[in-house]
Amino acid sequence: MDGKGESIWDRFSHTVGLVKGAETGDVACYSYRCYKEDVAIAKKLNLKSYRFSISWPRIQADGTGKPNPRGLDYYKRLTDELIAAKIRPLATLYHWDLPQALEDKGGWPNRDMAKYFADYCEIVVKELGHRVNDWCIFNEPWVFTMLGYSWGIHAPGRKDFDAFLRASHVVNLAQGAAFRTIKGVNPKLKVGTAYSVSYCQPATDSEADKKAAARADALGNVWFLQPAMKGTYPEAFVGGNPLEKMGVKAGDMELVKAPLDFFGMNYYQRAIIAAAEPNKNRPGVDLTDSGGTDGPKTDMGWEIWPDGFYELLMRISREYKSTPVEITENGASYLDGPDSHGKIPDTRRVEYLAGI
């Protein structure tokens with residue numbers, strides 16, 4: 001539509017057998033056409049911020065080259081609508097939809113991705129930087145690298161742990177490059193990344209489970225945060241981090257640095273971590289990860305555990321004292337539908353928000 005190129009999610013969702021019910025997502029909430037109604041609803045709800053994600057293949061169909069003016073125009077119209085409604089636009093530059101043409105060149109495990117991504121960021125920020133002051137570089141880099149390249153349950157559907165290792169390092173290089181690029185366009189812009197986080201709780205008081213929980217926290221929570229802020233990787237693997245397999249080269253740890261202006265936290269549930277025997281498919285990740293069972297569950301089966309949210313938020317705030325934390329995602333999924341009067345009895349969600 002309007003010059004948008006194919007993304008890895010377009011390819012993934014149209015591949016038979018990968019998505020339940022053969023759903024494609026071609027038409028979802030349709031914000032591209034309904035953005036005015038969306039903003040009007042946000043204003044009616046008295047929302048002060050609106051986080052949205054920019055589609056890379058809508059800006060550059062193949063991930064490189066000249067931008068698509070129709071794609072940029074859409075985001076200009078959206079941000080103008082938000083500003084007119086006195087709602088702060090918070091833009092995310094990458095929310096998982098890599099141009100398929102770049103996946104065909106190797107995807108995120110390819111070191112060239114850092115430059116491609118920085119070039120794309122420069123295009124977008126030059127066009128929108130006078131409208132948008134607050135920017136997230138990535139949304140949940142752990143999710144799109146681990147689930148996309150190792151587990152194979154997200155696009156592009158690859159099941160190669162070494163590909164995840166390389167992709168995670170390239171994403172950290174891209175995060176640093178994007179940060180410097182954005183600040184080069186306008187140093188006054190506020191730049192962060194939205195990280196997926198879970199409170200990693202040891203299954204028992206054993207030393208083995210405590211160490212496993214610390215490794216799970218390192219890989220799942222701060223693998224993309226610590227390199228940006230400190231220029232080092234946290235210790236996440238038994239026997240040491242596999243830097244050679246990750247493709248770390250001399251000078252890289254300077255390039256991954258990005259003194260972010262804020263951290264975005266996407267929190268939904270805690271993780272119960274136990275030590276385990278070595279896994280040949282994930283060497284060095286000697287642990288099991290399961291959801292909690294003590295709290296109530298959402299209709300997705302995720303445990304509601306606000307204490308974990310508090311503990312994790314306070315710990316990260318202590319470790320990075322001068323950096324603000326913004327809650328970029330949180331919530332509960334319920335299947336409650338309209339009653340006979342057309343209204344949704346939203347009691348569980350109200351209780352969820354009160355508990356958080």
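**Buried residues, salt bridges and cavities in a predicted model**

Gly 308 is placed in helix H13, which spans residues 306-319. The model described here is predicted. Gly 308 counts as buried, because its relative accessibility is 0%. In sequence, Gly 308 and His 154 are 154 residues apart. In space, the distance between the two, from C-alpha to C-alpha, is 26 Å.

Salt bridges were searched for over the whole structure, and 23 were found. One of them joins the side chains of Arg 77 and Asp 73, with a distance of 2.9 Å from N to O. Both residues belong to helix H4 (residues 69-84), and because they are 4 residues apart there, about one helical turn separates them. Arg 77 is partly exposed, at a relative accessible area of 30%. Asp 73 also counts as partly exposed, with 36% relative accessibility.

A salt bridge is also formed by the side chains of Lys 126 and Glu 122, at 3.2 Å from N to O. This pair lies in helix H6 (residues 113-128), where a spacing of 4 residues again places the partners about one helical turn apart. Lys 126 is exposed, with a relative accessible area of 54%, whereas Glu 122 is partly exposed at 29%. The cut-off for exposed is over 50%, so Lys 126, at 54%, falls in that class.

The salt bridge between Arg 158 and Glu 103 has a distance of 3.0 Å from N to O. Arg 158 is in the loop between H7 and helix H8 (161-185), and Glu 103 is in helix H5 (residues 100-103), so the pair ties together parts of the chain that are 55 residues apart in sequence. Arg 158 is partly exposed, at 25% relative accessibility. Glu 103, with a relative accessible area of 10%, is buried. In addition, a network of salt bridges links Arg 88, Asp 134 and Glu 326.

No disulfides are present, the number in the structure being 0. Cys 136 is accordingly in no disulfide, and the nearest cysteine sulfur, which belongs to Cys 121, is 12 Å away. A disulfide requires two cysteine sulfur atoms within 2.5 Å. Cys 136 counts as buried, at 0% relative accessibility. Cys 200 has a relative accessibility of 15% and also counts as buried, because the class covers values under 20%.

The interior was also searched for enclosed space. Over the whole structure, 2 cavities of 30 Å³ or more were found. The volume of the largest cavity is about 40 Å³. Its lining includes the aromatic residues Trp 142, Tyr 195, Trp 223 and Phe 224. Pro 141, Ser 196, Leu 219, Gly 220, Asn 221 and Val 222 also line the largest cavity. Three elements, helix H7 (141-149), strand E4 (190-202) and helix H9 (207-220), each contribute at least two residues to this lining.

On the surface, a nonpolar patch is formed by Met 1, Val 27 and Tyr 30. Together these residues have about 300 Å² of accessible area. Val 27 is located in the loop that runs between helix H1 (8-13) and helix H2 (31-44). With a relative accessible area of 62%, Val 27 is exposed.

How values were computed: Residues are numbered from 1 along each chain as its sequence is written. This is a predicted model: local features need pLDDT of at least 70, side-chain atom pairs count only at pLDDT 80 or more; totals for chains, interfaces and linings use all residues. Side-chain values use heavy atoms; hydrogens and water are left out. Patches are made of residues with over 30% relative accessible area and no salt bridge: like charges are joined within 9 Å, nonpolar side chains (Val, Leu, Ile, Met, Phe, Trp, Tyr) within 5 Å. Accessible areas come from the Shrake-Rupley method with a 1.4 Å probe; for residues, only the protein chains shown count as cover. A salt bridge is a side-chain nitrogen of Lys or Arg within 4 Å of a carboxyl oxygen of Asp or Glu. Buried means under 20% relative accessible area, exposed over 50%, partly exposed in between (1.4 Å probe, protein chains only). On a 1 Å grid over the protein atoms alone, a cavity is a set of points where a 1.4 Å probe fits but cannot get out, and a pocket is an open set with protein on both sides within 12 Å along at least five of seven lines; lining residues have an atom within 4 Å of a point. Grid points are joined across faces, edges and corners, and a volume is the space filled by probe spheres set on the points.
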